[in-house]
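Q: Got a minute to go through this model with me? I'd like to start with the surface.

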Amino acid sequence: MSLGNSLFQARKKSGMSQEEVAEKLGVSRQTISKWELDETLPDIRQFKKLSVLYHLTLDELIDFDPDLKEIERIIEHTDEEKQKSVDWTKLWAKKYPVLTAYPQTVRIDDYAGPLKELLTRLKREYGYSDMDAGLVLKDILGQVWNTGQHG
């Protein structure tokens, strides 16, 4: 997504018109339009004002993705009871069918023992709760995957 499109999406998400943003920043509506069309760029001071106006960090404003922001909002506002009632495997399996298929082919017990040992070590060595140890282990696996250490 272009910087201009990020600015456009952030403004739309905030429910403001180009005129309203221009008035708050002390610039013309045409200036806002040029920023959003990637014809010109706001200076760093204007970027800072935009981030405050749109309630975003500078990094979030530069890479604004309305879908990602909506997912983050939903996660932040979902209480623990509701989270427990969601079958996350079934939900993610809609996107990744392997999550419902692997139990028929993978010998889960071959992996469960070593993983339980890792969870126990995390809880013992760092004092993590069951949930925190599980999240840390999941995150470590994600980092290994993302850095190409998975083979």
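A: Sure. Keep in mind that this is a predicted model. On the surface, α10 gives the most to the nonpolar patch, with four residues.

Q: Which residues form the nonpolar patch on the surface?
A: W88, L91, W92, Y96, V98, Y102, V106, I108, Y111, L115 and L118. Together they have about 1,100 Å² of accessible area. Two or more residues come from each of α8 (88–93) and α10 (108–126).

Q: Where does W92 lie?
A: In helix α8.

Q: And why does W92 count as partly exposed?
A: Its relative accessible area is 46%, and partly exposed runs between 20% and 50%.

Q: How many aromatic pairs are there?
A: Two. One is W92 with Y96: the ring centres are 6.0 Å apart and the planes are at 25°, so they are stacked. Y96 is partly exposed, at 41%.

Q: What about the rings of Y126 and Y128?
A: Also a stacked pair, because the planes are at 25°, with centres 5.8 Å apart. Y126 is exposed, at 54% relative accessibility. Y128 is partly exposed, at 31%.

Q: Switching to the inside. Which residues touch the most other members of the largest nonpolar core?
A: V21, L50, Y54 and L61, out of 15 residues in that core. The elements giving two or more residues to the core are α1 (3–14), α2 (18–25), α3 (29–36) and α4 (44–53).

Q: What does Y54 touch, leaving out residues up to four places away in sequence?
A: L7, A10, R11, S14, M16, V21 and L61.

Notes: Residues numbered from 1 in each chain as written. Predicted model: local features only at pLDDT ≥ 70, side-chain atom pairs only at ≥ 80, totals over all residues. Heavy atoms only, no water. Core = buried A, V, L, I, M, F, W, Y, C linked by side-chain atoms within 4.5 Å. Buried < 20%, exposed > 50% of the residue type's maximum accessible area, 1.4 Å probe, protein only. Contact = heavy atoms within 4.5 Å. Patch = residues over 30% accessible without salt bridge, like charges linked within 9 Å, V, L, I, M, F, W, Y side chains within 5 Å. Areas by Shrake-Rupley, 256 points an atom, 1.4 Å probe, with all protein chains shown as cover. Salt bridge = Lys/Arg side-chain N within 4 Å of Asp/Glu carboxyl O. Phe/Tyr/Trp six-rings, centres within 6.5 Å; stacked < 30°, edge-to-face > 60°.
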